[in-house]
Structures are given as structure tokens and as C-alpha cells.
Amino acid sequence: PLGRPPSTTVLAASGEHPAASGQATVAPSNQAPTTSGTGGSVAAWRTAAAAVLGHVACPPVDLSAQFLAHDVKVYNKRAEEGCQGDGVWTKYKLKDHQRILQNMAAAVEPRPGQLIFDWGSACGHKLKWLHATHGIYGMGVDISATAVSYANNMTNTLGLRFCVGDGTNLRWIPDQTFDHAITYGSIYHLPQGKQCQAMMELLRITKPGAVIVNGFCYKMQSPKSVWQACLPQVPNITWGFVSNTKFTQVRKYPGNYATIIHKTPNSSLAFFQKWGIEH
């Protein structure tokens, strides 16, 4: 068991396929759109999303931090070679990432019109797929200007947006802007002392009730002790770990794990029971 305060419990979530069963409302500029009722309109969802994202400007590019320098160079090169093919990973192919995204969506349960934030969005495929399958909108941030340019060009008619930026500092995004957040194989690249800082930013910019999926935590660079020290200090959340292989159903990079966070203190156990999440 993890050491958690009494207000911290375990996460449960299950998948949902989008349906035109909600009616979007235009939210205040620092909140994501919501859906309710019946007869939702794609045009209304897009208008609501645009009303929010229109108030979130990409920051001035500042990737001068020393801890970013190596990965900026590596992932710009990978994006040049991979964005039009199988992406920036060396072993996972796009078909693997699609399978992984299905399970991430099962945890997040996004509804049409909701806003998703993708930390380490690379070539933009995940938000593009979630838009196609679940009707979401959203924003991604990545350190690779090459990948971000490709993502914006690929999705410029879909109501998605991607920014170049340092994911440990998202002060350009208002509190509680996004309904959920996802990240896969990205946060572990940060120094261990910065990983908790990045997660605190994701917790800040997401709404109460949000699910945050931190997938593919590479155990050599992001041991569970990072999150065991970081997350118990956060009140009113639910969190735990799941085997990366079990969660993604992709048998590559065994032994790593995902961290799932739900911004509510009283989630049920269904998702943990399904995936065997440690708690």
C-alpha cells in the first residue's frame, strides 16, 4: 500500500465511445466545455472548445534549460524522420500507439466536446485519434518545434492546437482549463526532481474530477518512489500504479508502469480491479 492521506483513495474508470448525446455549453474562458442533455451538436462542441482555447496563447519559446537540451536535439531529429511515418518512438509503431490510446481512453472516459491536454504530444497523433473516436478537442505541448509544426499542420481544421514549450512550466495556461490530461513516455525524460513539478502543473490545469494518465514511466529514470513522495501531498485525489504491459497490452519495454490519477477522493475500484492497479 502507498502512504496516502485519508482523502486519497484509488481510481476507477471505464471506456466510453462518443455519441451525439450531449449538448455543449460555452464555458468561461478558463474552463473547458461540458456536455449535458441530449442532441449535442458537433458545431456547438467546437464553438465551446474554441472559446476556451482562444484564451490560451502559446508561450514564447524558451527551451534554454540545460535539462532540455539533449532531448530537444534528439526529438527534433526523430520528428523530421518519423512524423510522416510511425512517429518518434524507435520500437512502438503507430498501430501500437493506437492500442495504447484505447486503454488511455478507457481510463479517461472522454465525452464529446471535452478538452484534453497532451503533455509531450510529439506529432499530434493521440489528440487527432481521440478527436476522431471520442469527439474531443484539446491542446498539446512538446519540446520539438518540428513535431509541433507537423501536428498543427495535420490537425489545423480539427479544432486542436499544439505549442512548443517546457512542460514543467505551464503558467500560460489558466487553472482548471482542461477536463483531462494524458502523457505517454514523456515525463520520465525529466530529471527526477522535475517530474513532480510537471505533474503538479497537470493537476493545476485540470478540473476537479479529471483523470490524468501518466503512461510509460520508465522505472530506471522514473521509479515509483518519485510518485510515492510527490502525490501523497496532494489532497482529494485518487491514484495508483499499473504494469505498462498490462495497461497497454503491448508487450514491449516490460517492467515499466503507468501512474493513474483521478482528481476526486472517492473513486470506485472498478478500474483498479480490471487492470490490477497497485494501491
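The following conversation concerns the disulfides, one helix and two backbone angles of a predicted model.

Reader: How many disulfides does the chain have?

Author: The count comes to three disulfides in this predicted model. With bonded cysteines counted along the chain, the pattern is 1-4, 2-3, 5-6.

Reader: Where in the chain are cysteine 58 and cysteine 163?

Author: Cysteine 58 is in the loop between helix H1 (42-53) and H2, and cysteine 163 is in strand S5. The two are 105 residues apart, and the pair links distant parts of the chain.

Reader: What are the sulfur distance and the handedness of that link?

Author: The sulfur atoms of cysteine 58 and cysteine 163 are 1.9 Å apart. The link has -70° about the S-S bond and is left-handed.

Reader: Are those two cysteines buried or exposed?

Author: Cysteine 58 counts as partly exposed because its relative accessibility is 35%. Cysteine 163 has a relative accessibility of 1%, so it counts as buried.

Reader: Now to cysteine 83 and cysteine 123. Which parts of the chain does that pair tie together?

Author: The sulfur atoms of cysteine 83 and cysteine 123 are 2.1 Å apart, and the two form a disulfide. Cysteine 83 lies in the loop between H2 and helix H3 (94-108), while cysteine 123 lies in the loop between strand S3 (115-119) and H4, so the disulfide ties together parts that are 40 residues apart in sequence.

Reader: Why is that disulfide given its handedness?

Author: The torsion about the S-S bond of cysteine 83 and cysteine 123 is about -80°, and therefore the disulfide is left-handed. As for accessibility, cysteine 83 counts as buried at 2%, and cysteine 123 counts as buried at 3%.

Reader: What about cysteine 196 and cysteine 230: left-handed or right-handed?

Author: Cysteine 196 is joined to cysteine 230 by a disulfide with an S to S distance of 2.2 Å. The link is right-handed, with 75° about the S-S bond. Cysteine 196 lies in helix H6 (residues 192-205) and cysteine 230 in helix H7 (residues 224-230), so this pair ties together parts that are 34 residues apart in sequence. Both cysteine 196 and cysteine 230 are buried.

Reader: A change of topic, to helix H5. Which of its residues are buried?

Author: Helix H5 spans residues 145-154, and Ala147, Val148, Ala151 and Met154 are buried there. Seen down the axis of H5, these buried residues fall within an arc of 130°, so they line one face of the helix.

Reader: Why would residues with such a spacing point the same way?

Author: An α-helix has 3.6 residues a turn, so residues three or four places apart point the same way.

Reader: What do the buried residues of H5 pack against?

Author: They pack against two helices, H2 (69-82) and H4 (125-134), and against two strands, S4 (137-142) and S5 (160-164). Strand S5 also holds cysteine 163, from the link discussed earlier.

Reader: Lastly, the backbone. What is phi of alanine 122, and where is its place?

Author: Alanine 122 has a positive phi of about 50° although it is not a glycine. Its place is in the loop between S3 and H4, the loop in which cysteine 123 lies. Alanine 122 counts as buried because its relative accessibility is 18%, and buried means under 20%.

Reader: And what is phi of phenylalanine 216?

Author: Phi of phenylalanine 216 is near 55°, again a positive value in a residue other than glycine. Phenylalanine 216 is in strand S7 (residues 211-217) and is buried, with a relative accessible area of 3%.

Technical notes: Residues numbered from 1 in each chain as written. Predicted model: local features only at pLDDT ≥ 70, side-chain atom pairs only at ≥ 80, totals over all residues. Heavy atoms only, no water. Buried < 20%, exposed > 50% of the residue type's maximum accessible area, 1.4 Å probe, protein only. Helix = DSSP H or I, 4+ residues; strand = E, 2+ residues; numbered from the N terminus. Arc of directions from axis to C-beta. Contact = heavy atoms within 4.5 Å. Disulfide = S-S within 2.5 Å.
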